[in-house]
Protein chains: 2
Amino acid sequence: MTYCSNCGNLTTLSVPPGDDRPRFLCERCGTIHYQNPKMVVGCIPEMDDKILLCRRSIEPCYGKWTLPAGYLENGETVSEGARREAYEEARARIKVLIPYALFNICYVNQVYLIFRARLLDHSFGPGSESLEVRLFSETEIPWEQLAFRVIEETLRQYFRDRPAGLFPFHMGDIFQRK
Amino acid sequence: MTYCSNCGNLTTLSVPPGDDRPRFLCERCGTIHYQNPKMVVGCIPEMDDKILLCRRSIEPCYGKWTLPAGYLENGETVSEGARREAYEEARARIKVLIPYALFNICYVNQVYLIFRARLLDHSFGPGSESLEVRLFSETEIPWEQLAFRVIEETLRQYFRDRPAGLFPFHMGDIFQRK
(Lines give C-alpha, C1' and ligand atoms only; values in the text may rest on other atoms or scores of the structure.)
Protein backbone atom coordinates (compact mmCIF):
# COMPACT_ATOMS: atom_id res chain seq x y z
CA MET A 1 0.00 0.00 0.00
CA THR A 2 1.86 3.03 -1.30
CA TYR A 3 -0.95 5.58 -1.54
CA CYS A 4 -3.91 6.32 0.73
CA SER A 5 -7.04 4.86 -0.87
CA ASN A 6 -9.10 7.59 0.79
CA CYS A 7 -7.23 10.75 -0.23
CA GLY A 8 -4.41 9.72 -2.60
CA ASN A 9 -1.56 10.94 -0.39
CA LEU A 10 1.55 8.79 0.13
CA THR A 11 1.21 6.51 3.17
CA THR A 12 3.80 5.81 5.83
CA LEU A 13 4.31 2.56 7.73
CA SER A 14 4.34 3.11 11.48
CA VAL A 15 2.73 2.03 14.75
CA PRO A 16 -0.39 4.13 15.51
CA PRO A 17 -0.86 5.45 19.08
CA GLY A 18 -2.26 2.68 21.29
CA ASP A 19 -1.51 0.01 18.71
CA ASP A 20 1.26 -2.59 18.85
CA ARG A 21 2.14 -3.17 15.22
CA PRO A 22 2.94 -1.12 12.12
CA ARG A 23 0.06 -0.06 9.87
CA PHE A 24 -0.10 1.93 6.69
CA LEU A 25 -1.10 5.43 7.84
CA CYS A 26 -2.11 8.53 5.98
CA GLU A 27 -0.71 11.60 7.65
CA ARG A 28 -2.93 13.89 5.58
CA CYS A 29 -6.41 12.45 6.20
CA GLY A 30 -5.56 10.29 9.24
CA THR A 31 -6.84 7.01 7.82
CA ILE A 32 -5.30 3.84 9.23
CA HIS A 33 -5.27 1.12 6.58
CA TYR A 34 -5.64 -2.19 8.39
CA GLN A 35 -4.75 -5.32 6.46
CA ASN A 36 -6.22 -8.64 7.53
CA PRO A 37 -6.29 -12.27 6.42
CA LYS A 38 -8.70 -13.41 3.75
CA MET A 39 -10.96 -16.42 3.99
CA VAL A 40 -10.95 -19.09 1.31
CA VAL A 41 -14.09 -21.23 1.31
CA GLY A 42 -14.53 -24.51 -0.49
CA CYS A 43 -15.99 -27.97 -0.25
CA ILE A 44 -15.50 -31.68 -0.77
CA PRO A 45 -18.38 -32.52 -3.13
CA GLU A 46 -19.41 -36.11 -2.43
CA MET A 47 -21.40 -38.46 -4.65
CA ASP A 48 -21.72 -42.08 -3.54
CA ASP A 49 -18.17 -43.03 -2.55
CA LYS A 50 -16.55 -40.52 -4.90
CA ILE A 51 -15.54 -36.90 -4.65
CA LEU A 52 -15.33 -34.20 -7.29
CA LEU A 53 -12.04 -32.55 -8.19
CA CYS A 54 -11.23 -29.81 -10.69
CA ARG A 55 -8.12 -29.55 -12.85
CA ARG A 56 -6.95 -25.95 -12.86
CA SER A 57 -6.81 -23.94 -16.08
CA ILE A 58 -5.10 -21.01 -14.37
CA GLU A 59 -1.90 -20.30 -12.53
CA PRO A 60 -0.70 -21.03 -9.95
CA CYS A 61 -0.63 -24.79 -10.38
CA TYR A 62 -2.02 -24.91 -13.92
CA GLY A 63 -3.02 -28.50 -14.75
CA LYS A 64 -3.08 -29.68 -11.12
CA TRP A 65 -6.17 -31.01 -9.33
CA THR A 66 -7.98 -29.22 -6.54
CA LEU A 67 -11.22 -28.94 -4.61
CA PRO A 68 -13.54 -26.13 -5.67
CA ALA A 69 -12.60 -23.20 -3.40
CA GLY A 70 -11.97 -19.49 -3.56
CA TYR A 71 -12.04 -16.19 -1.73
CA LEU A 72 -15.15 -15.41 0.27
CA GLU A 73 -16.84 -12.33 -1.18
CA ASN A 74 -18.35 -9.42 0.68
CA GLY A 75 -22.05 -9.94 1.37
CA GLU A 76 -22.08 -13.73 1.31
CA THR A 77 -22.05 -16.36 4.05
CA VAL A 78 -19.30 -18.98 4.17
CA SER A 79 -21.78 -21.62 2.92
CA GLU A 80 -22.94 -19.40 0.08
CA GLY A 81 -19.31 -18.81 -0.88
CA ALA A 82 -18.59 -22.54 -0.97
CA ARG A 83 -21.70 -23.11 -3.10
CA ARG A 84 -20.77 -20.31 -5.50
CA GLU A 85 -17.24 -21.65 -5.92
CA ALA A 86 -18.54 -25.17 -6.64
CA TYR A 87 -20.67 -23.73 -9.40
CA GLU A 88 -18.02 -21.37 -10.78
CA GLU A 89 -15.24 -23.92 -10.92
CA ALA A 90 -17.11 -27.16 -11.50
CA ARG A 91 -20.60 -26.12 -12.69
CA ALA A 92 -21.70 -28.31 -9.79
CA ARG A 93 -24.80 -27.85 -7.72
CA ILE A 94 -24.16 -28.88 -4.13
CA LYS A 95 -25.85 -29.05 -0.79
CA VAL A 96 -23.45 -27.84 1.88
CA LEU A 97 -23.43 -30.39 4.71
CA ILE A 98 -21.13 -29.37 7.56
CA PRO A 99 -17.93 -27.42 8.15
CA TYR A 100 -15.15 -29.96 8.10
CA ALA A 101 -11.70 -28.38 8.22
CA LEU A 102 -10.07 -25.04 8.92
CA PHE A 103 -6.47 -24.42 7.92
CA ASN A 104 -4.37 -21.40 8.78
CA ILE A 105 -1.91 -20.48 6.06
CA CYS A 106 -0.26 -17.62 7.91
CA TYR A 107 2.53 -16.95 5.46
CA VAL A 108 0.02 -15.91 2.82
CA ASN A 109 -2.56 -14.52 5.29
CA GLN A 110 -5.26 -16.99 4.36
CA VAL A 111 -7.74 -19.02 6.40
CA TYR A 112 -9.23 -21.97 4.53
CA LEU A 113 -12.63 -23.27 5.56
CA ILE A 114 -13.66 -26.48 3.83
CA PHE A 115 -17.13 -28.03 4.04
CA ARG A 116 -18.38 -31.47 3.30
CA ALA A 117 -21.02 -31.20 0.60
CA ARG A 118 -23.33 -33.44 -1.39
CA LEU A 119 -23.28 -33.24 -5.16
CA LEU A 120 -26.93 -32.92 -6.16
CA ASP A 121 -26.72 -34.41 -9.67
CA HIS A 122 -24.33 -35.45 -12.42
CA SER A 123 -24.57 -32.20 -14.37
CA PHE A 124 -21.10 -30.84 -13.69
CA GLY A 125 -18.28 -29.72 -15.94
CA PRO A 126 -15.38 -27.30 -16.21
CA GLY A 127 -16.02 -23.66 -15.30
CA SER A 128 -13.77 -20.92 -16.63
CA GLU A 129 -10.95 -21.74 -14.18
CA SER A 130 -10.95 -25.49 -14.84
CA LEU A 131 -9.72 -27.68 -17.68
CA GLU A 132 -11.59 -30.75 -16.52
CA VAL A 133 -13.82 -31.86 -13.67
CA ARG A 134 -14.36 -35.45 -12.60
CA LEU A 135 -15.32 -37.82 -9.82
CA PHE A 136 -12.59 -39.79 -8.07
CA SER A 137 -12.82 -42.79 -5.80
CA GLU A 138 -10.27 -42.92 -3.00
CA THR A 139 -7.89 -45.15 -4.93
CA GLU A 140 -8.04 -42.84 -7.94
CA ILE A 141 -7.07 -39.60 -6.13
CA PRO A 142 -4.11 -38.09 -8.02
CA TRP A 143 -2.04 -37.46 -4.87
CA GLU A 144 1.05 -36.44 -6.82
CA GLN A 145 -0.92 -34.03 -8.97
CA LEU A 146 -2.78 -32.03 -6.31
CA ALA A 147 -2.50 -28.25 -6.60
CA PHE A 148 -1.99 -27.17 -3.00
CA ARG A 149 -0.79 -28.70 0.26
CA VAL A 150 -3.95 -27.52 2.01
CA ILE A 151 -5.97 -29.63 -0.42
CA GLU A 152 -3.76 -32.64 0.15
CA GLU A 153 -4.02 -32.26 3.94
CA THR A 154 -7.80 -31.91 3.73
CA LEU A 155 -8.18 -35.02 1.58
CA ARG A 156 -5.79 -37.12 3.66
CA GLN A 157 -7.79 -36.24 6.78
CA TYR A 158 -11.04 -36.93 4.96
CA PHE A 159 -10.02 -40.42 3.93
CA ARG A 160 -8.69 -41.11 7.44
CA ASP A 161 -12.10 -40.15 8.87
CA ARG A 162 -14.27 -41.85 6.28
CA PRO A 163 -13.95 -45.50 7.35
CA ALA A 164 -15.55 -44.65 10.72
CA GLY A 165 -18.14 -42.41 9.09
CA LEU A 166 -17.35 -39.71 11.64
CA PHE A 167 -16.10 -36.35 10.44
CA PRO A 168 -15.20 -34.17 13.43
CA PHE A 169 -14.15 -30.60 12.70
CA HIS A 170 -10.39 -30.34 12.18
CA MET A 171 -8.01 -27.41 12.53
CA GLY A 172 -4.52 -27.29 11.18
CA ASP A 173 -1.72 -25.11 9.89
CA ILE A 174 0.15 -25.10 6.63
CA PHE A 175 3.69 -23.85 7.11
CA GLN A 176 5.98 -22.32 4.54
CA ARG A 177 8.41 -24.80 3.07
CA LYS A 178 12.01 -24.18 4.09
CA MET B 1 -11.76 3.23 -2.10
CA THR B 2 -11.36 6.47 -4.01
CA TYR B 3 -7.69 6.26 -4.96
CA CYS B 4 -5.52 3.38 -6.15
CA SER B 5 -3.32 2.29 -3.24
CA ASN B 6 -0.68 1.16 -5.73
CA CYS B 7 -0.25 4.27 -7.92
CA GLY B 8 -2.44 7.01 -6.42
CA ASN B 9 -4.70 7.43 -9.47
CA LEU B 10 -8.48 7.73 -9.06
CA THR B 11 -10.21 4.35 -9.18
CA THR B 12 -13.39 3.45 -11.03
CA LEU B 13 -16.01 0.91 -9.96
CA SER B 14 -16.76 -1.58 -12.71
CA VAL B 15 -16.90 -5.29 -13.51
CA PRO B 16 -13.49 -6.58 -14.69
CA PRO B 17 -13.37 -8.87 -17.76
CA GLY B 18 -14.27 -12.42 -16.73
CA ASP B 19 -15.60 -11.29 -13.36
CA ASP B 20 -19.23 -11.08 -12.28
CA ARG B 21 -19.26 -8.20 -9.82
CA PRO B 22 -17.99 -4.63 -9.62
CA ARG B 23 -14.51 -4.01 -8.22
CA PHE B 24 -12.49 -0.90 -7.67
CA LEU B 25 -10.17 -0.76 -10.68
CA CYS B 26 -7.22 1.43 -11.51
CA GLU B 27 -7.20 2.27 -15.20
CA ARG B 28 -3.66 3.60 -14.99
CA CYS B 29 -1.76 0.71 -13.38
CA GLY B 30 -4.40 -2.01 -13.92
CA THR B 31 -4.68 -3.07 -10.29
CA ILE B 32 -7.98 -4.67 -9.26
CA HIS B 33 -8.71 -3.86 -5.62
CA TYR B 34 -10.62 -6.84 -4.20
CA GLN B 35 -12.46 -6.29 -0.95
CA ASN B 36 -13.30 -9.28 1.22
CA PRO B 37 -14.86 -10.07 4.60
CA LYS B 38 -12.78 -9.86 7.74
CA MET B 39 -12.59 -12.51 10.42
CA VAL B 40 -13.27 -11.68 14.03
CA VAL B 41 -11.86 -14.25 16.46
CA GLY B 42 -12.74 -14.58 20.11
CA CYS B 43 -13.44 -16.99 22.90
CA ILE B 44 -15.64 -17.96 25.81
CA PRO B 45 -13.11 -18.10 28.68
CA GLU B 46 -14.34 -20.71 31.17
CA MET B 47 -13.39 -21.11 34.82
CA ASP B 48 -15.30 -23.65 36.87
CA ASP B 49 -18.94 -22.94 36.00
CA LYS B 50 -18.32 -19.28 35.18
CA ILE B 51 -17.30 -17.37 32.07
CA LEU B 52 -15.34 -14.16 31.67
CA LEU B 53 -16.91 -11.06 30.14
CA CYS B 54 -15.45 -7.62 29.46
CA ARG B 55 -17.25 -4.30 29.77
CA ARG B 56 -16.31 -2.13 26.82
CA SER B 57 -14.50 1.16 27.32
CA ILE B 58 -14.79 2.06 23.63
CA GLU B 59 -17.53 2.70 21.09
CA PRO B 60 -19.57 1.11 19.71
CA CYS B 61 -21.46 -0.16 22.73
CA TYR B 62 -19.46 1.67 25.38
CA GLY B 63 -20.31 0.22 28.79
CA LYS B 64 -21.85 -2.99 27.44
CA TRP B 65 -20.53 -6.49 28.14
CA THR B 66 -18.88 -8.72 25.56
CA LEU B 67 -16.62 -11.71 25.03
CA PRO B 68 -12.99 -10.94 24.24
CA ALA B 69 -12.84 -10.87 20.44
CA GLY B 70 -11.35 -8.81 17.65
CA TYR B 71 -10.07 -8.78 14.10
CA LEU B 72 -7.69 -11.55 13.12
CA GLU B 73 -4.32 -10.04 12.22
CA ASN B 74 -2.07 -10.95 9.33
CA GLY B 75 0.47 -13.60 10.28
CA GLU B 76 -1.47 -15.22 13.10
CA THR B 77 -3.60 -18.33 13.32
CA VAL B 78 -7.24 -18.11 14.43
CA SER B 79 -6.30 -19.63 17.82
CA GLU B 80 -3.42 -17.19 18.27
CA GLY B 81 -5.79 -14.34 17.46
CA ALA B 82 -8.30 -15.49 20.06
CA ARG B 83 -5.50 -15.81 22.64
CA ARG B 84 -4.15 -12.35 21.82
CA GLU B 85 -7.59 -10.75 22.13
CA ALA B 86 -8.20 -12.42 25.50
CA TYR B 87 -4.98 -10.89 26.73
CA GLU B 88 -5.50 -7.48 25.14
CA GLU B 89 -9.05 -7.01 26.36
CA ALA B 90 -9.07 -8.96 29.61
CA ARG B 91 -5.41 -9.46 30.50
CA ALA B 92 -6.45 -13.11 30.61
CA ARG B 93 -4.25 -16.06 29.83
CA ILE B 94 -6.28 -18.82 28.20
CA LYS B 95 -5.90 -22.23 26.70
CA VAL B 96 -7.91 -22.41 23.50
CA LEU B 97 -10.01 -25.59 23.59
CA ILE B 98 -12.11 -26.04 20.46
CA PRO B 99 -13.83 -23.96 17.80
CA TYR B 100 -17.40 -23.57 18.95
CA ALA B 101 -19.40 -21.17 16.78
CA LEU B 102 -19.15 -19.39 13.45
CA PHE B 103 -21.47 -16.49 12.65
CA ASN B 104 -21.81 -14.74 9.33
CA ILE B 105 -22.59 -11.04 9.68
CA CYS B 106 -22.91 -10.31 5.99
CA TYR B 107 -24.17 -6.76 6.25
CA VAL B 108 -20.87 -5.67 7.82
CA ASN B 109 -18.74 -8.25 5.96
CA GLN B 110 -17.59 -10.05 9.07
CA VAL B 111 -17.20 -13.72 9.96
CA TYR B 112 -17.05 -14.40 13.70
CA LEU B 113 -15.25 -17.49 14.93
CA ILE B 114 -15.63 -18.14 18.64
CA PHE B 115 -13.69 -20.77 20.58
CA ARG B 116 -14.29 -22.36 23.91
CA ALA B 117 -11.29 -21.64 26.10
CA ARG B 118 -10.07 -22.34 29.60
CA LEU B 119 -8.98 -19.48 31.80
CA LEU B 120 -5.58 -20.50 33.18
CA ASP B 121 -5.62 -18.48 36.39
CA HIS B 122 -7.36 -15.63 38.22
CA SER B 123 -4.94 -12.93 37.09
CA PHE B 124 -7.21 -11.02 34.73
CA GLY B 125 -8.30 -7.41 34.56
CA PRO B 126 -9.30 -4.66 32.16
CA GLY B 127 -7.13 -4.10 29.10
CA SER B 128 -7.14 -0.78 27.29
CA GLU B 129 -10.51 -1.44 25.61
CA SER B 130 -12.30 -2.57 28.78
CA LEU B 131 -13.68 -0.78 31.84
CA GLU B 132 -14.09 -3.93 33.87
CA VAL B 133 -13.63 -7.69 33.52
CA ARG B 134 -15.36 -10.29 35.64
CA LEU B 135 -16.57 -13.85 35.90
CA PHE B 136 -20.28 -14.56 35.52
CA SER B 137 -22.28 -17.65 36.40
CA GLU B 138 -25.15 -18.45 34.06
CA THR B 139 -27.73 -16.71 36.26
CA GLU B 140 -25.58 -13.59 36.48
CA ILE B 141 -25.16 -13.01 32.71
CA PRO B 142 -26.25 -9.43 31.96
CA TRP B 143 -28.45 -10.39 28.99
CA GLU B 144 -29.89 -6.90 28.62
CA GLN B 145 -26.45 -5.32 28.72
CA LEU B 146 -24.62 -7.38 26.09
CA ALA B 147 -22.79 -5.41 23.43
CA PHE B 148 -23.59 -7.31 20.24
CA ARG B 149 -26.24 -9.74 19.03
CA VAL B 150 -23.54 -12.18 17.92
CA ILE B 151 -22.35 -12.35 21.52
CA GLU B 152 -25.87 -12.91 22.79
CA GLU B 153 -26.48 -15.68 20.23
CA THR B 154 -23.19 -17.34 21.12
CA LEU B 155 -23.92 -17.29 24.83
CA ARG B 156 -27.52 -18.49 24.44
CA GLN B 157 -26.27 -21.43 22.40
CA TYR B 158 -23.53 -22.09 24.91
CA PHE B 159 -25.91 -22.31 27.84
CA ARG B 160 -28.28 -24.50 25.80
CA ASP B 161 -25.42 -26.91 25.13
CA ARG B 162 -23.86 -26.88 28.58
CA PRO B 163 -26.29 -29.08 30.50
CA ALA B 164 -25.47 -32.02 28.22
CA GLY B 165 -21.76 -31.22 28.29
CA LEU B 166 -21.66 -31.50 24.50
CA PHE B 167 -20.60 -28.53 22.45
CA PRO B 168 -20.98 -29.32 18.74
CA PHE B 169 -19.78 -26.70 16.29
CA HIS B 170 -22.54 -24.23 15.40
CA MET B 171 -23.02 -21.99 12.40
CA GLY B 172 -25.43 -19.12 12.20
CA ASP B 173 -26.19 -15.76 10.64
CA ILE B 174 -26.83 -12.38 12.17
CA PHE B 175 -29.16 -10.33 9.98
CA GLN B 176 -29.50 -6.59 9.85
CA ARG B 177 -32.38 -5.28 11.93
CA LYS B 178 -35.24 -3.87 9.85
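Colleague: By what turn and shift can chain A be laid on chain B?

Modeller: A turn of 180 degrees and a shift of 0.0 Å along the axis lay chain A on chain B with an RMSD of 0.0 Å, where the copies are superposed by least squares on the C-alpha atoms of residues with pLDDT of at least 70 in both. The two copies are thus related as by a two-fold rotation axis. This is a predicted model, in which local features need pLDDT of at least 70 and side-chain atom pairs count only at pLDDT 80 or more, while totals for chains, interfaces and linings use all residues. Residues are numbered from 1 along each chain as its sequence is written, and chains are lettered from A and ligands numbered from 1 in the order in which they are written.

Colleague: How many residues of each chain are in contact?

Modeller: 32 residues of chain A are in contact with 33 residues of chain B, a contact being two C-beta atoms, placed from the backbone, within 7 Å. On the side of chain A that touches chain B, β4 (38–47), β8 (94–105) and β11 (170–173) each supply at least two residues, and β8(A) gives the most, with 3 residues; strands are DSSP runs of E, at least two residues long, numbered from the N terminus.

Colleague: Why do the copies meet through the same surface?

Modeller: They do so because 100% of the interface residues of chain A are also interface residues in chain B.

Colleague: Switching topic, how is chain A divided?

Modeller: Chain A is divided into domain 1 (1–35) and domain 2 (38–173), with bounds from an automatic or database domain assignment, and the C-alpha centres of these two domains of chain A lie 36 Å apart.

Colleague: And which strand order does the open sheet of 3 strands have?

Modeller: In chain A the order is β1-β2-β3, with antiparallel pairing, where strands pair if DSSP finds at least two bridges between them. The edge strands, each pairing on one side only, are β1 (12–14) and β3 (32–33) of chain A. Strand β2 (residues 23–25) of chain A is joined to β3(A) by 2 bridges, and A:Leu25 has A:Ile32 in β3(A) as its bridge partner.

Colleague: Which residues touch the most other members of the largest nonpolar core?

Modeller: Of its 82 residues, these are A:Cys43, A:Tyr112, A:Ile114, B:Cys43, B:Tyr112 and B:Ile114. Such a core is a set of buried Ala, Val, Leu, Ile, Met, Phe, Trp, Tyr and Cys residues joined through C-beta atoms within 7 Å, buried meaning that 20 or more other C-beta atoms lie within 10 Å of the residue's own. Another core, of 8 residues, lies apart from it, including A:Tyr3 and B:Leu25.

Technical notes:
Helix = DSSP H or I, 4+ residues; strand = E, 2+ residues; numbered from the N terminus. Buried ≥ 20, exposed ≤ 12 C-beta atoms within 10 Å, placed from the backbone.
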